[in-house]
Amino acid sequence: MTMRTRTLGTTGPQVSALGLGCMGMSALYGEADRAESIATIHAALEAGVTLLDTGDFYGMGHNEMLIGEALRAAPAARREQALVSVKFGALRDPDGGWSGYDGRPAAVKSFAAYSLQRLGVDHIDVYRIARLDPDVPIEETVGAIAELVEKGHVRHIGLSEVGAETVRRAAATAPISDLQIEYSLISRGIEDEILPTTRELGIGITAYGVLSRGLISGHFTADRQLGAGDFRAMSPRFQGDNLRHNLNLVEALRKIAEQKGVSVAQIAIAWVLSRGADVVPLVGARRRDRLTEALGALDVTLDTADLAAIEEAVPAGAAAGDRYPAAQMAHLES
């Protein structure tokens, strides 16, 4: 495996071709093993992964503290290569509930102060609001991050899960490095308007959900019992007939993967890598073995015939069910 690099747009940093999404180490997929999580972060850094993605609301700060602990324990050279991307703005309550998003400038700066402390760093490499605050113009939120850039607390400004119009408004306010948004074989909604817009403006894509929360990893089965607190127990794509339909798509993809001598996860990640040098997939590995499998995607070459076969097996729009429950879909722009 040879780690390649990509650049987050025309204004962002150079990062590894794959990034590590750390959310599952703290929240939404059931309990995780802390020691294994830290070992996985260390293994990623050792393999040349530079981009670590988190959110200040993942485990109500737990994920940031976990990353901070992992960075402190890493060799100095590996620690220095790490670039941390942080999402902010999601409001939580003591019972773990969600109560909207806060993009007010004063809140932006407060969120950043706490993140810097939890991470144990003197700056955040990429900072972005997790979802658009409908009550605050994006210009005000991005303007506040730009002030943090001027003071050296943040290096680059990102966006998350917003539509093409909001991307344009944000980019007119300050330089935007990248848009973080779900993008996978079964989540291709960005291809119509959002991806052409980011490419026009020189903004990169960090693609999360490249395995659709494990659904197209090749490891998920119809009889799997999901633990308490696992987001997938409420996700429409993991329910009843939707799940059976979607797993049939996975089996069609598996035939192509087996012909190439690779795993389903590897061919799904390789497909995202094939979308362009401006797309950086985030892999949500919580264990070293899953990380090793994901990194193997870097050695998978998809030719024209492979891509055509994949498109036939999993056509755009073929998935059954929305990618989030209805209440959360309401917070997404398209």
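Colleague: In this predicted model, which residues touch the most other members of the largest nonpolar core?

Modeller: That core has 94 residues, and Leu-20, Ile-41, Tyr-127, Leu-159 and Ile-269 touch the most other members. Helix α9, residues 264-273, gives the most to this core, with nine residues.

Colleague: What makes a set of residues count as a nonpolar core, and what lies apart from this one?

Modeller: The members must be buried residues of the nonpolar kinds, joined through side-chain atoms within 4.5 Å. Apart from the largest core lies another, of eight residues, among them Leu-8, Leu-51, Tyr-208 and Val-280.

Colleague: Which residues does Tyr-127 touch, leaving out those up to four places away in sequence?

Modeller: The contacts of Tyr-127 include Val-86, Phe-88, Val-108, Phe-111, Ile-145 and His-156.

Colleague: Why is α4 called oblique to α5?

Modeller: The axes of helix α4 (residues 105-119) and helix α5 (residues 138-150) come within 8 Å and cross at roughly 45°. Angles under 35 degrees count as roughly parallel and those from 65 to 115 as roughly perpendicular, so an angle that falls in neither range, nor over 145, is oblique, and α4 is therefore oblique to α5. The crossing is right-handed, and Pro-105, Val-108, Lys-109 and Ala-112 are the residues of α4 that meet α5 there.

Colleague: How do you know that β3 and β4 pair?

Modeller: Pairing requires at least two bridges, and two bridges join β3 (residues 19-21) to β4 (residues 51-55), which run parallel. Leu-20 stands opposite Leu-52 in β4. Both strands belong to the eight that close into a barrel, in the order β3-β4-β5-β8-β9-β10-β11-β12.

Notes:
Residues numbered from 1 in each chain as written. Predicted model: local features only at pLDDT ≥ 70, side-chain atom pairs only at ≥ 80, totals over all residues. Heavy atoms only, no water. Helix = DSSP H or I, 4+ residues; strand = E, 2+ residues; numbered from the N terminus. Buried < 20%, exposed > 50% of the residue type's maximum accessible area, 1.4 Å probe, protein only. Contact = heavy atoms within 4.5 Å. Axes fitted to C-alpha atoms, helices over the stretch in contact; angles between N-to-C directions. Left-handed = near helix turned anticlockwise from the far one by under 90°.
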